[in-house]
Structures are given as structure tokens and as C-alpha cells.
Amino acid sequence: MRLLLGNDTDEEAVITINEQTIKFAARAGSKLTEAAGTTRKSPDSPEIDLQPGKYKVTLKVANGAAQNREFEFAADETWGLLAGPAGVPLPVQLY
């Protein structure tokens, strides 16, 4: 499965998943795709390929507490994970 990452806040954010830590500038990758309904990714939206399963995600925005969540992803799915308002991780199934 593929996971696209983005930051929809006005602050720097840090997402840790599967022992990978990625820092995002404010609004980096906030659109996740260039056009709705396409599989073309945004140039500033990093992506991670993961095996299907459950993953613990930690999200921290510059001026907030770390948020911890667990998500389950299936094979052949593509998801987006945005750093949302107040640093809440927002999962979005893309295709």
C-alpha cells in the first residue's frame, strides 16, 4: 500500500510512522494530488510504501503536543495522511 503525506497546518509538522520520521514545512503536500481523481502526486508530497497492516503514527506540530494514533491499511490501497488542525492526523483514502 502507498501512503502520501502532507501538512495542512500553518506550522512545521513532524510525522513518524514505521520508524521513519519526516518533517514538513507549513502547507507542504497539503493537496496530496495535482488533480482530483488522478494518481499523479503533488511534487512536495512525500510517499511511503508499506506492507498491509496496523501502524502507529505520531504527529507533532511546532506549537502542540504529540498526537498518537493507530491506523490499519490494506493491500492495493493508497491513503493520504495530513497533519490537520491542532496537529490531529487526518487519514484520507485516495484510491
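In the predicted model, E47 has a relative accessibility of 30% and therefore counts as partly exposed, since this value lies between the 20% limit for buried residues and the 50% limit for exposed ones. The side chain of E47 meets that of R2 in a salt bridge, with a distance of 3.2 Å from N to O. This pair joins distant parts of the chain, as R2 belongs to strand β1 (residues 2–7) and E47 to strand β4 (residues 47–49), with their positions 45 residues apart in sequence. R2 is likewise classed as partly exposed, because its relative accessible area is 34%.

A salt bridge is also formed between D49 and R2, whose side chains meet at 3.0 Å, N to O. Because D49 lies in strand β4 and R2 in strand β1, this pair ties together parts of the chain that are 47 residues apart in sequence. D49 has a relative accessibility of 53% and so counts as exposed. Taken together, R2, E47 and D49 are linked in a network of salt bridges.

The structure holds four salt bridges, and another of these is formed by D8 with R27, the closest N and O atoms of the pair being 2.8 Å apart. Here the partners are found in loops: D8 lies in the loop between β1 and β2 (13–17), and R27 in the loop between β3 (20–24) and β4, so that the contact ties together parts that are 19 residues apart in sequence. Both partners count as partly exposed, D8 because its relative accessibility is 28% and R27 because its relative accessibility is 38%. In general terms, side chains of opposite charge can pair when their charged atoms come close.

Attention then turns to the nonpolar interior. The largest nonpolar core comprises 20 residues, of which L3, L5, I15, I17, L50, F73 and L81 touch the most other members. Two or more residues are given to this core by each of β1, β2, β3, β5 (53–61), β6 (67–73) and β7, and β5 gives the most, with four residues. With residues up to four places away in sequence left out of the count, L50 touches M1, L3, I17, N18 and Y55. It is a general tendency of soluble globular proteins that nonpolar side chains are buried together.

Strand β7, one of the contributors to this core, is largely enclosed by the rest of the structure, because six of its six residues are buried. From this strand, T78, G80 and L82 point one way, whereas W79, L81 and A83 point the other way, and all of them are buried. G80, which is placed in β7 (residues 78–83), counts as buried because its relative accessibility is 1%. Although G80 and E47 are 33 residues apart along the chain, their C-alpha atoms are separated by 8.8 Å.

The pairing of β7 involves β1 and β8. With β1, the strand pairs in the parallel sense over six bridges, and within this arrangement W79 of β7 is the bridge partner of L3, a residue that is also listed among the core members touching the most others. With strand β8 (residues 89–93), β7 pairs in the antiparallel sense over five bridges, and A83 stands opposite P89 of β8. The hairpin of β7 and β8 has five residues between the strands, and in this hairpin A86 takes a positive phi near 60°.

Definitions and conventions: Residues are numbered from 1 along each chain as its sequence is written. This is a predicted model: local features need pLDDT of at least 70, side-chain atom pairs count only at pLDDT 80 or more; totals for chains, interfaces and linings use all residues. Side-chain values use heavy atoms; hydrogens and water are left out. Buried means under 20% relative accessible area, exposed over 50%, partly exposed in between (1.4 Å probe, protein chains only). A nonpolar core is a set of buried Ala, Val, Leu, Ile, Met, Phe, Trp, Tyr and Cys residues joined through side-chain atoms within 4.5 Å. Contact means heavy atoms within 4.5 Å. Two strands pair if DSSP finds at least two bridges between them.
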